[in-house]
Amino acid sequence: MSVYQLKSRFQNILRPLVRSLAARGVSANQVTSVAAAVSVALGLFLSVAPLPQWFLLIPVWFLLRMGLNAIDGMLAREHGQKSILGAYLNEVGDVVSDVALYLPFALIDPNGLVPAMAVIFLSVLTEFAGVLGQTVGSSRRYEGPLGKSDRAVLFGALGIFVAMGGAFAAWTSWLWAVVALLLIWTIINRISAGIREAQTAAR
């Protein structure tokens, strides 16, 4: 069960807002760009923020960002705003945003940068594996168990933990190891699903 599977319910809640935004001339690309810009700015701020309480902004922003991601997609699909530029902005913006928001956690880990950076690298690779499906005759793949939405829940929970005074220690390396394994599982699932779909379409 992935958080991504709840997407349709989330979209139904946001649909009236999306209609209003479209009527006001707001574009999908504008929403995508704003989401990426705020994510990068927040990641940079938390990288130098002196107080751990600021990490509470992580779960708040992840929730808002999930809403913005749903909104830009609905504007594109349901209001005739699909574009090649939008596809690039969506994929690149998501990856850049994730890296920016995960990086502050690597900087506060007493075990060094390597464990968390490995997780960041694998997170990027999961999205790359998802996009690659489109190059082999498959669709964009979103399989879990640790897709973008699931990672938002994970890092949002870590943000709350840090903001409440929790400290990273030796146990954090084990956490990153488990997350890395789940990301590898996700990559395998996405590649396997992409191959199966492409082979079925070719028959």
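Reader: Is Gly73 buried or exposed, and what relative accessible area does it have?

Author: This is a predicted model, and in it Gly73, which is found in helix 3, has a relative accessible area of 15%. Gly73 is buried because that value falls under the cut-off of 20% relative accessible area.

Reader: How far is Gly73 from Ala157, in sequence and in space?

Author: The two residues are 84 apart in sequence, and their C-alpha atoms are 25 Å apart in space. A separation in sequence can be set beside another pair, Gln11 and Gly67, which are 56 residues apart in sequence and 8.4 Å apart in space, C-alpha to C-alpha.

Reader: Where is Gln11 placed, and which residues does Gln11 touch?

Author: Gln11 belongs to helix 1, which runs over residues 7-23, and with a relative accessibility of 12% it counts as buried. When residues up to four places away in sequence are not counted, Gln11 touches Ala70, Met74 and Arg77.

Reader: How should I read the length of a helix, and what span does helix 2 reach?

Author: The idea is to compare the distance between the end C-alpha atoms with the span expected at 1.5 Å a residue. Helix 2, residues 28-48, has 21 residues and reaches 31 Å, which is close to the expected 30 Å. For the 19 residues of helix 5 the expected span is 27 Å, and the end C-alpha atoms are 26 Å apart, which agrees. Helix 6, with 16 residues, should span 22 Å, and its end C-alpha atoms are 22 Å apart, so the two values agree.

Reader: Which residues of helix 2 are buried, and why are they on the same side?

Author: The general idea is that an α-helix has 3.6 residues a turn, so residues three or four places apart point the same way. In helix 2 the buried residues are Ala28, Val31, Thr32, Ala35, Ala36, Ser39, Leu42, Gly43 and Leu46. They are on the same side of helix 2 because they cover an arc of only 135 degrees around the axis. On the other side of helix 2, Leu44 and Val48 are exposed.

Reader: What covers the buried residues of helix 2?

Author: The cover includes helix 3, residues 57-78, and helix 4, residues 84-107. A single residue illustrates the packing: Ser97 is found in helix 4, is buried with a relative accessible area of 1%, and is in contact with Ala35, Ala36, Ser39 and Arg65 once its neighbours within four places in sequence are left aside.

Reader: Which helices pack against the buried residues of helix 6, and what covers those of helix 5?

Author: The buried residues of helix 6, including Asp150, Arg151, Phe155 and Val162, pack against helix 3, helix 4, helix 5 and helix 7. For helix 5, the buried residues include Val119, Ile120, Thr126 and Glu127, and what covers the buried residues of this helix includes helix 4, helix 6 and helix 7.

Reader: How many cavities does a search of the whole structure find, and which residues line the largest cavity?

Author: Rolling a probe the size of a water molecule over the atoms shows where empty space is left. Here the search finds two cavities of 30 Å³ or more, and about 50 Å³ of space lies in the largest cavity. Its lining consists of Phe62, Arg65, Met66, Asn69, Lys148, Ser149 and Ala152. Helix 3 and helix 6 are the elements that give two or more residues to this lining, and helix 3 gives the most, with four residues.

Reader: What kind of peptide bond joins Gly144 and Pro145, and where does Pro145 lie?

Author: Most residues other than glycine have a negative phi, and most peptide bonds are trans. The bond that joins Gly144 and Pro145 is cis, with omega about 20 degrees, and Pro145 lies in the loop between helix 5 and helix 6. As for phi, Gly165, which follows helix 6, has a positive value near 100 degrees.

Reader: Which residues does the UniProt annotation "transmembrane region" cover?

Author: According to the unreviewed UniProt entry, the annotation covers residues 21-48, 113-132, 152-168 and 174-193. In the model, the chain over residues 113-132 is 95% helix and 0% strand, with end C-alpha atoms 28 Å apart. Over residues 152-168 the chain is 71% helix and 0% strand, and the end C-alpha atoms are 19 Å apart.

Notes
Residues numbered from 1 in each chain as written. Predicted model: local features only at pLDDT ≥ 70, side-chain atom pairs only at ≥ 80, totals over all residues. Heavy atoms only, no water. Expected span 1.5 Å × (residues − 1). Buried < 20%, exposed > 50% of the residue type's maximum accessible area, 1.4 Å probe, protein only. Arc of directions from axis to C-beta. Contact = heavy atoms within 4.5 Å. UniProt positions renumbered as here; feature names shortened; annotations may be inferred. 1 Å grid on protein atoms, 1.4 Å probe; cavity = no way out; pocket = protein on both sides within 12 Å on 5 of 7 lines; lining within 4 Å. Points joined across faces, edges and corners; volume = space filled by probe spheres on them.
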